[in-house]
Amino acid sequence: MKKLRKVYIGLIMAFLYAPIVLLILYSFNDSKSRANWGGFTLRWYKELFSDAQIISALGTTLSIGFLAAVISTILGTFGAIALYQMKRGPRQVMLSVVNLPMLNSEVVTGVSLMLLFAIAQIQMGYVTLLLAHISFCVPYVVLSVMPKLRQLEPNLAEAAQDLGATPRQGFFKVILPDIMPGVFSGFLMALTMSIDDFVVSFFTTGSGVSNLSITIYTMAKRGISPKINALSSLIFAAVFILLVGLNLRDLKKTGGSKNIEKVKIPY
Amino acid sequence: MKRKGLMVLPFALWAIIFILVPLGLIAWYGITVEEPVAYTEITLEDGTPAFRLEDGTVQTQEPWQKKAVISFQNFKRMVEPTYLRLLIRSLKIALLTTLICLILGYPVALILTGKDFKHPTLWLMLIILPMWMNFLLRTYSWMSILENSGILNSWITALRNAVPAIDQWFTARGVGNKIIFLYNENAVILGMVYNYLSFMIMPIYTVIEKIDKSLLEAAADLGASPSKSFIRVTLPYSLPGVLEGITMVFVPAVTTFVISQLMGGGKVPLIGDIIQNQFGKSSDWHFGSSLSLLVMVVVLAFMGGLQQIDKDEEPQKEVRIF
């Protein structure tokens, strides 16, 4: 029975990793076609860095991801604090409004933002892409900051002010450090969501601005360049090493505790 | 008080502009259609022909202006057989995907929370890790496994050439040289199950992990077999995770357009494809918005139904173990 269970997990892993292993293999394949193996090469890794289209898409993905994550983290953190200070009634209303984009499918979010930009006559491009990413990231930040605020000792901020701190000092020295884990995980979630997004980006970009997802989507119709495989393999390897490394270090420290909260997965 | 207002205002403004207004626009576009503006032909004083529009403006060019008129024409269009079939197919594929994810994913969560694996969290992380590779690429990679000249077919061919008995078995069943895996509903379902399986495993794992182990011990002490304590303890307690998993798989599955385009090769269009088309090539934003409204209603109805299940089950899992 125990063997059977392990075999089952093994099969699921094989299912999940088969296409990834294949993709990494193709990134070393010395042939443009995916049908045959033309020998081992590092050509695609070299050519990757001189491909202007891919590098610019990578740049867009990273800069949009970083900017959207920073801005939505600031907006979402202040939003969560504002929500926290509201009275119960209005807070419930605001919370359901903020949760709306998460209930909606990505297509609806993308289309609705496209309509907004079209009506406001904003030229589709980098700015609209950034605005769209910020707007679908904010709810996730709010959601990860709110629980931390609820755990906050309500008298602490008052105590700080009694002891002579200005409201600003009270915020930066007392409240912010306490909710920082929530802020940070919100930031990571926003970054991941933005980097991985395709659907919303597809509807809200224009005039030659495209991120990696859109570039891959366009390529998929006429064949994906092995250079993209090389780039994805690099990204995957980096994330893999980072996450496995972090978790292994933790496992050693905690002696393999099964507590899920301790795993470092930005989801 | 003043500071409070300062905090609320930008956030409320953001929520209105980027959440409420866009949804309002979808609703508005959804219940309206464009009609040419009415006009009358007139002759100007100098004798040139002109057109007087219904709002009173006069122009010499043929009127091109359109106006939005409230109409439910688009909703009638949706129940036309062409679109109705697509809608039913989307629902069918999404439900099948959800079911398969549940059947495949629940055991994974259950096994990982058991005693077989020393570092279950590490395994869980390995299950989530593939999501870090762009989903378009992973789906594309499946295509190179399944296509006619793909890896799976070349393995099968090799096997058939090596073992005549297998070749006979295939030939007897009328299978040609290549097996067509791609560009049908099954391929689309495979692509969705692959992309959404972790969405099912994660919430179920989290919930099962939190079940008080002493409950299971108590069940065993009182003579319950492992299967009985699974049915009476683990299963009811894991229900919230199952419901969350179902939502997380169903919502993207019912609206995706990328997976159906890649794995279905355009032969299995879903409702998401039609929406994408209305905002692209066909450029009928009104019909696209009506379809988006429909999708929202379907999703909300589905989640409402799920919540009902959750409520019905609530009192039962409090005390009744046997």
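In the predicted model, helix H1 of chain A (residues 2-26) packs against helix H4 of chain B (residues 120-128) at an angle of about 30 degrees, and the two axes lie 10 Å apart. Because angles under 35 degrees count as roughly parallel, H1(A) is described as roughly parallel to H4(B). On the side of H1(A), the contact is formed by Ile9(A), Met13(A), Leu16(A) and Tyr17(A). Trp123(B), Leu126(B) and Ile127(B) are the contributions of H4(B). Classified by residue type, this helix contact comprises 7 nonpolar residues, with no polar and no charged ones.

The interface between the two chains was then considered as a whole. The size of an interface is often given as the accessible area lost when the parts come together. Between them, chain B and chain A bury about 7,900 Å², and 80% of this area is on carbon and sulfur atoms. Of the area that chain B buries against chain A, 10% is supplied by Phe11(B), Trp132(B) and Met133(B), more than by any other three residues. The contact involves 83 residues from chain B and 86 residues from chain A.

Leu136(B) offers a view of the packing at a single position. This residue belongs to helix H5 of chain B, which spans residues 135-146. Its relative accessible area is 2%; since buried means under 20%, Leu136(B) is classed as buried. Leaving aside residues up to four places away in sequence, Leu136(B) touches Phe198(A), Ser213(A), Ile216(A) and Tyr217(A) of chain A, together with Val258(B) and Leu262(B) of chain B. Val258(B) is separated from Leu136(B) by 122 residues in sequence, whereas the C-alpha to C-alpha distance of this pair is 7.7 Å.

Chain B also contains an open sheet of 3 strands, arranged in the order S2-S3-S4 with antiparallel pairing. S2 and S4 (58-59) of chain B occupy the edges and each has a single partner strand, so one side of each is left without a neighbour in the sheet. Strands S2 (residues 39-43) and S3 (residues 49-53) of chain B are joined by 5 bridges in the antiparallel sense. These two strands form a hairpin with 5 residues between them, and Gly47(B) in the turn has a positive phi of about 95 degrees. The pairing of S3(B) with S4(B), likewise antiparallel, extends over 2 bridges. Phe51(B) of S3(B) stands opposite Glu41(B), and Phe51(B) also stands opposite Gln59(B) in S4(B).

Terms used
Residues are numbered from 1 along each chain as its sequence is written. Chains are lettered from A and ligands numbered from 1 in the order in which they are written. This is a predicted model: local features need pLDDT of at least 70, side-chain atom pairs count only at pLDDT 80 or more; totals for chains, interfaces and linings use all residues. Side-chain values use heavy atoms; hydrogens and water are left out. Axes are lines fitted to C-alpha atoms, for helices over the stretch in contact, and angles run from 0 to 180 degrees between N-to-C directions. Helices (H or I, at least four residues) and strands (E, at least two) are DSSP runs, numbered from the N terminus. Angles under 35 degrees count as roughly parallel, over 145 as roughly antiparallel, 65 to 115 as roughly perpendicular and the rest as oblique. Contact means heavy atoms within 4.5 Å. Ala, Val, Leu, Ile, Met, Phe, Trp, Tyr, Cys and Pro count as nonpolar, Asp, Glu, Lys and Arg as charged, and the others, Gly among them, as polar. Two strands pair if DSSP finds at least two bridges between them. Buried means under 20% relative accessible area, exposed over 50%, partly exposed in between (1.4 Å probe, protein chains only). Buried area is the accessible area (1.4 Å probe) that two parts lose on being put together, summed over both.
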